[in-house]
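Student: Could you take one part of this model and go through it closely, rather than giving me a quick tour? I'd like the cut-offs behind the terms too.

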Amino acid sequence: MKIEIIDNQQQKKTIVRAILEALPDWFGVPESRDQYIAASADEMMVAAMENGQPLGFLCLKETGKATVELAVMGVLQPYHRHGIGRQLFQKAKEIATAQGYSFMQVKTVKMGCYEDYDRTNLFYQSLGFQEFEVFPTLWDEANPCQVYVMDL
């Protein structure tokens with residue numbers, strides 16, 4: 001398995017579609033999934049590749065002059081808890097730091113709402129993200145948005 005920077009816009013969309021469609025517990029709303037796929041073409045992407053097949057990916061987007069957002073990431077479920085997400089994050093963090101960003105943020109569903117997202121929250125916290133703010137209705141009342149931040 002190798003972490004690669006993906007520059008080709010069509011390849012980005014193909015990878016994101018393949019991974020997100022395989023993760024319906026997190027990306028089961030077709031409209032939201034399609035937005036992630038479309039946006040990925042213009043975002044910085046790293047992917048975990050094995051024998052030409054994607055196992056996972058991570059996209060970053062600039063949200064301010066000093067801030068980049070971990071916009072979306074996914075790892076195929078059979079590869080969860082194998083360190084792939086951590087490796088994707090480390091590579092993305094290196095790139096963000098090299099490009100001069102000072103902060104990284106990520107948004108997810110607030111802890112305590114859904115078991116799958118609780119594991120996601122714990123993963124982000126294990127990477128060093130800190131709770132910043134909750135927006136109770138940014139997405140909708142059933143999915144309060146937790147924002148995490150970290151200093152790069």
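Tutor: Let's take the sheet as our part, then follow some of its strands out to the helices, the loops and the largest pocket.

Some ground rules first. This is a predicted model, so local features need pLDDT of at least 70 and side-chain atom pairs count only at pLDDT 80 or more, while totals for chains, interfaces and linings use all residues. Numbering starts from 1 along each chain as its sequence is written, and side-chain values use heavy atoms, with hydrogens and water left out.

Now the sheet. Seven strands form it, it is open, and the order across it is β1-β2-β3-β4-β5-β7-β6, with mixed pairing. At the edges sit β1 (2-6) and β6 (130-140), each pairing on one side only. On average, neighbouring strands are turned by 25 degrees against each other, direction ignored. Two strands count as paired if DSSP finds at least two bridges between them. Strands are DSSP runs of E with at least two residues, helices are runs of H or I with at least four, and both are numbered from the N terminus. As for what pairing is, strands of a sheet are held to each other through backbone hydrogen bonds, either parallel or antiparallel.

You can see both senses here. β1 pairs with β2 (residues 44-50) in the antiparallel sense over five bridges, and I5 stands opposite V46 in β2. β4 and β5, on the other hand, run parallel and are joined by four bridges, with V106 in β5 as the bridge partner of L70.

Two helices pack on this sheet. α1 (residues 9-21) touches β1, β2, β3 (53-62) and β4 (67-75), and its direction makes about 115 degrees with that of β3. α4 (residues 84-98) touches β1, β2, β3, β4, β5 (103-109) and β7 (143-151), and makes about 145 degrees with β2. Those angles run from 0 to 180 degrees between N-to-C directions, using lines fitted to C-alpha atoms (for helices, over the stretch in contact). Contact itself means heavy atoms within 4.5 Å.

What does the sheet look like from single residues? A48 is found in β2 and is buried, with a relative accessible area of 0%. The burial classes are: under 20% relative accessible area is buried, over 50% is exposed, and in between is partly exposed (1.4 Å probe, protein chains only). Leaving aside neighbours within four places in sequence, A48 has contacts that include I3, L55, I84 and L88. Q87 is 39 residues from A48 in sequence, yet the two are 8.4 Å apart in space, C-alpha to C-alpha.

Compare K61, which lies in β3. At 35% relative accessibility, K61 counts as partly exposed. With neighbours within four places in sequence set aside, K61 is in contact with E43, T67, V68, E69 and A71. β5 is mostly covered, since five of its seven residues are buried.

The loops give you two backbone oddities to check. N51, in the loop between β2 and β3, has a positive phi of about 55 degrees although it is not a glycine. R81, in the loop between β4 and α4, also isn't a glycine and has phi near 65 degrees. N51 counts as exposed at 75% relative accessibility, and so does R81 at 86%.

Last stop, the largest pocket, which holds about 1,400 Å³ of space. On a 1 Å grid over the protein atoms alone, a pocket is an open set of points where a 1.4 Å probe fits, with protein on both sides within 12 Å along at least five of seven lines; lining residues have an atom within 4 Å of a point. Points are joined across faces, edges and corners, and the volume is the space filled by probe spheres set on them. The lining has 44 residues, with W26, F27, Y117, T120 and Y124 nearest the centre. Sheet strands contribute too: β4, β5 and β6 are among the elements that give two or more residues. The largest share, eight residues, comes from α5.
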